[in-house]
Structures are given as structure tokens and as C-alpha cells.
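Here is a short set of exercises to work through with the model open beside you. Try each task before you read its solution.

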Amino acid sequence: MTKRGNYLFVEKENIYTLSMTPELQDDVGTVGYVEFVKDDDVEKNGAVANIEASKTVMEIQSPLKGTVIARNTAAEENPALLNSADPEENWIVRLVGVSDSDYEALEAEDGEVSATAENNESTNSAVWRREVIE
């Protein structure tokens with residue numbers, strides 16, 4: 001099942017992959033600069049990256065607490081990758097150590113909100129995909 005939080009998608013597997021939703025991609029425009037936060041421990045709504053795009057400058061915040069195990073460093077050299085429709089190119093960071101209850105509290109991809117997510121203001125800003133990396 002795919003969930004949404006902070007305009008990011010999250011699929012539940014062993015690793016959570018954060019990428020921008022198409023709505024966020026449209027809202028920010030073409031990404032021209034990416035700088036990743038260096039700290040591996042991320043709090044809920046904590047920064048994982050800063051971007052500069054044609055329409056805005058913003059901090060990308062994680063909808064989940066966890067530990068960063070990978071950053072899409074290719075996006076530092078080619079920031080427009082974050083505008084790609086290809087999930088192999090447009091991911092931002094990958095996390096482990098995420099609480100199942102925090103994940104379940106996120107909004108479903110189709111817009112249905114779980115009972116625990118109804119009062120969570122941050123459920124619409126980012127897209128997470130949780131996937132197994134072999």
C-alpha cells in the first residue's frame with residue numbers, strides 16, 4: 001500500500017524511499033539545486049534536503065522519523081532528476097528504522113486518511129515509497 005505525507009509517497013517494504021509527488025513537482029517547477037542534510041537521524045517533519053526550483057526555494061521534510069541510509073547524490077549533479085516521472089531517478093532519500101504506527105498514520109495514496117492521520121497537518125506534503133533494495 002502506498003501512503004502520502006508532506007507531499008511524498010511511501011510504500012511499505014523494508015526501506016522507505018522519499019520522492020516528490022507529481023503535485024509537488026508541478027508546484028515547485030524545475031529543480032535547479034539540491035543540498036542534502038548531512039545528519040543521518042531524521043525526526044518527523046525534520047529536514048532531509050533543501051531545493052531551489054524555478055518557482056520556489058524550500059526545505060523537504062520527512063513525514064516519518066528514521067535513519068537515512070542513502071541519498072540520491074546524482075540529484076546534486078543533475079537536480080532536474082527530481083522532476084522525473086521515473087522512480088529510479090526522482091527519489092530523494094531512503095530510510096530504515098521507521099515505526100510501523102507512524103507509517104500507518106499517513107494518508108493513503110488515494111486520499112483516504114486513517115483515523116490516526118486525520119488530525120495530522122503534515123500528511124499532504126511529501127511522497128514516500130517503501131521498497132526492498134536487493
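**Exercise 1. Find how β8 and β9 are joined, and in which direction they run.**

Start with the pairing in this predicted model: β8 and β9 are connected by 4 bridges and run antiparallel. Next, pick out one rung of that ladder: Val68 has Leu95 of β9 as its bridge partner.

Now turn to β3, which is also antiparallel to β9 and is joined to it by 4 bridges. Here Thr17 is the residue that stands opposite Arg94 of β9.

Finish with the surroundings of the strand. Of the 6 residues in β9, 5 are buried, so the strand is mostly covered.

**Exercise 2. Describe the setting of Trp91: where does Trp91 lie, and is Trp91 buried or exposed?**

First, place the residue: Trp91 belongs to strand β9. Second, check its accessibility. The relative value is 10%, and the limit for a buried residue is under 20%, so Trp91 counts as buried.

Third, look at what sits over the ring. The charged end of Arg94 is there, 3.9 Å from the ring centre of Trp91.

Last, compare sequence with space: Ser19 and Trp91 are separated by 72 residues along the chain, yet their C-alpha atoms are 4.4 Å apart.

**Exercise 3. Locate Asn72 and list its contacts beyond the local sequence.**

Begin in the loop between β8 and α2 (74–77), which is where Asn72 is placed. With a relative accessibility of 5%, Asn72 counts as buried.

Then set aside the neighbours within four places in sequence. What remains in contact with Asn72 is Phe36, Leu82, Glu89, Asn90, Trp91 and Ile92. Trp91 from the previous exercise is thus one of these contacts.

For another loop residue, go to Asn45, between β5 and β6. Its relative accessibility is 32%, so Asn45 counts as partly exposed. Its phi is near 70°, a positive value in a residue other than glycine.

**Exercise 4. Search for salt bridges: how many does the whole structure hold?**

The search finds 1 salt bridge. Its partners are Asp40 and Arg71, whose closest N and O atoms are 2.8 Å apart. This pair links distant parts of the chain: Asp40 is in the loop between β4 (31–36) and β5 (41–42), while Arg71 is in strand β8 (residues 66–71), 31 residues apart.

As a reminder of the principle, side chains of opposite charge can pair when their charged atoms come close.

Now check the accessibility of each partner. Asp40 has a relative value of 35% and counts as partly exposed. Arg71, at 22%, also counts as partly exposed, because the buried class ends under 20%.

**Exercise 5. Find the aromatic pair and classify its geometry.**

The structure holds 1 aromatic pair. Tyr16 and Tyr103 form this pair, with 5.6 Å from centre to centre and 55° between the planes. To classify the pair, note that stacked needs an angle under 30 degrees and edge-to-face one over 60, so 55° makes this pair tilted.

Next, trace both rings back to the chain. Tyr16 is in strand β3 and Tyr103 in helix α3 (residues 100–104), 87 residues apart. Both tyrosines, Tyr16 and Tyr103, are buried.

**Exercise 6. Map the largest nonpolar core: which residues touch the most other members?**

The core has 25 residues, and those touching the most other members are Met20, Val31, Ile51, Ile60, Leu82 and Ile92. Two or more residues each come from β3 (15–19), α1 (22–28), β4, β6 (47–53) and β9 (91–96). The largest share, 4 residues, comes from β6.

Then take Val31 as an example. Leaving out residues up to four places away in sequence, Val31 touches Met20, Ile51, Glu52, Ala53, Pro79, Ala80, Leu82 and Asn83.

**Exercise 7. Step back to the whole protein.**

Count the elements: there are 3 helices and 11 strands. Along the sequence they follow the pattern β-β-β-α-β-β-β-β-β-α-β-α-β-β.

Of the 134 residues, 46% count as buried. Finally, consider the contacts with a separation of 6 or more: residues 24 or more positions apart account for 67% of them.

Definitions and conventions: Residues are numbered from 1 along each chain as its sequence is written. This is a predicted model: local features need pLDDT of at least 70, side-chain atom pairs count only at pLDDT 80 or more; totals for chains, interfaces and linings use all residues. Side-chain values use heavy atoms; hydrogens and water are left out. A salt bridge is a side-chain nitrogen of Lys or Arg within 4 Å of a carboxyl oxygen of Asp or Glu. Buried means under 20% relative accessible area, exposed over 50%, partly exposed in between (1.4 Å probe, protein chains only). A nonpolar core is a set of buried Ala, Val, Leu, Ile, Met, Phe, Trp, Tyr and Cys residues joined through side-chain atoms within 4.5 Å. Contact means heavy atoms within 4.5 Å. Rings of Phe, Tyr and Trp (its six-membered ring) pair if their centres lie within 6.5 Å; planes under 30 degrees apart count as stacked, over 60 as edge-to-face and the rest as tilted. A charge sits over a ring if NZ of Lys or CZ of Arg is within 6 Å of the ring centre and within 35 degrees of the ring normal. Two strands pair if DSSP finds at least two bridges between them.
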